[in-house]
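Please go through the fold shown here, beginning with its sheet and moving on to the packing of its side chains.

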Amino acid sequence: MTSIESVTLEVADLTAADRFYTTAFGLGTQVRLRASEAPTTGFRGFTLSLTVSQPATASGLIDAALDAGATPLKPAAKSFWGYGGVVQAPDGTIWKVATSAKKDTGPATRQIDEIVLLLGAADVAASKRFYVGRGLAVAKSFGRKYVEFATPSSPVKLALYGRRALAKDAGVPPAGTGSHRLMIGSDAGRFTDPDGFAWEAAGTAAEAGPAMALAKDATIASSEVIDQR
């Protein structure tokens with residue numbers, strides 16, 4: 001079964017991005033950094049979600065991100081599904097921190113239970129067929145609106161959402177052009193999906209340098225400009 005080992009964020013300033021992610025979330029090898037000057041504007045077509053155990057933990061991580069320089073997109077608040085908020089990192093990546101719990105059961109921690117990569121698809125059904133053809137098994141599917149893939153042993157979970165719906169959930173306009181500034185590392189090999197999201201063999205990013213501070217001269221396979229609209 002396909003496993004996503006890491007996601008690599010392509011950023012303009014490696015040092016600043018490393019400082020932000022270390023301070024805000026303390027993420028490890030699942031999220032890496034790579035230098036890139038690839039043109040990009042507006043919504044990049046994806047979000048990363050951090051699932052935690054309780055509201056206090058979600059609030060603590062969101063506050064840490066804001067203190068480290070993130071921009072608030074949706075303030076942390078209760079909803080029918082739980083509690084959470086959305087911020088945009090200085091490098092432009094959109095992060096959602098959320099929990100299904102509505103009440104705290106203990107002191108706040110910085111423990112992250114799950115990292116979820118949500119890709120905004122122009123045609124969810126078509127992208128679903130593409131990924132099934134690449135060996136991913138479907139765990140949940142809601143028509144042409146949302147698909148969640150079964151990756152039980154994967155450090156990063158994968159889901160598809162309609163691009164406009166994903167942008168609305170993140171609190172940003174859906175328009176965007178240029179590079180996604182994202183590379184997905186997995187055991188599925190190297191390919192590009194129908195929406196221009198690039199995948200590479202797991203370990204490619206790790207060989208270039210340590211997590212969160214990769215060498216600036218790393219090859220940027222996903223830097224070619226695409227039209228995301």
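The report below describes the sheet, the nonpolar cores and the aromatic contacts of a predicted model.

## The sheet and a helix across it

The strands form an open sheet of 8 members with mixed pairing, arranged in the order E5-E6-E7-E4-E8-E11-E10-E9. Its edges are strand E5 (71-79) and strand E9 (137-142), each of which pairs on one side only. Averaged over the sheet and with direction ignored, neighbouring strands are turned by 20° against each other.

At the E5 edge, strand E5 and strand E6 (residues 82-88) run antiparallel and are joined by 6 bridges, and within this pairing Lys 78 stands opposite Tyr 83 of E6. Helix H2 (residues 55-67) lies across E5, E6 and E7, and runs at about 10° to E6.

## Nonpolar cores

The largest nonpolar core comprises 45 residues, and those with the most contacts inside it are Leu 9, Tyr 21, Phe 25, Trp 95, Leu 117, Leu 119 and Leu 182. Helix H1 (residues 14-24) gives the most to this core, contributing 5 residues. Apart from this core lies another one of 10 residues, which includes Ile 94, Val 116, Ala 159 and Leu 166.

Leu 119 shows how widely the contacts of one residue can be spread along the sequence: leaving out residues up to four places away, its partners include Gly 45, Phe 46, Tyr 131, Leu 160, Leu 182, Ile 184 and Phe 197. Ala 159 and Leu 166, two residues of the other core, are also among the residues that Leu 119 touches.

## Leu 50 in strand E4

Leu 50 is found in strand E4 (residues 46-51) and is buried, with a relative accessible area of 0%. Beyond four places in sequence, the residues that Leu 50 touches include Phe 25, Leu 27, Trp 95, Val 97, Ile 112 and Ile 115. Leu 50 and Gly 84, which are 34 residues apart in sequence, have their C-alpha atoms 9.7 Å apart in space.

## Aromatic contacts

The model holds 14 aromatic pairs. One of them joins Phe 25 and Trp 95 in a tilted arrangement, with 5.1 Å from centre to centre and 50° between the planes. Phe 25 lies in the loop between H1 and strand E2 (31-35), whereas Trp 95 belongs to strand E7 (residues 94-99), so the pair ties together parts that are 70 residues apart in sequence. Both residues are buried, Phe 25 with a relative accessible area of 2% and Trp 95 with one of 0%.

Elsewhere, a single aromatic cluster is formed by Phe 130, Tyr 131, Phe 149, Phe 191 and Trp 199; Tyr 131 is also one of the residues touched by Leu 119.

Key. Residues are numbered from 1 along each chain as its sequence is written. This is a predicted model: local features need pLDDT of at least 70, side-chain atom pairs count only at pLDDT 80 or more; totals for chains, interfaces and linings use all residues. Side-chain values use heavy atoms; hydrogens and water are left out. A nonpolar core is a set of buried Ala, Val, Leu, Ile, Met, Phe, Trp, Tyr and Cys residues joined through side-chain atoms within 4.5 Å. Buried means under 20% relative accessible area, exposed over 50%, partly exposed in between (1.4 Å probe, protein chains only). Helices (H or I, at least four residues) and strands (E, at least two) are DSSP runs, numbered from the N terminus. Contact means heavy atoms within 4.5 Å. Rings of Phe, Tyr and Trp (its six-membered ring) pair if their centres lie within 6.5 Å; planes under 30 degrees apart count as stacked, over 60 as edge-to-face and the rest as tilted. Two strands pair if DSSP finds at least two bridges between them. Axes are lines fitted to C-alpha atoms, for helices over the stretch in contact, and angles run from 0 to 180 degrees between N-to-C directions.
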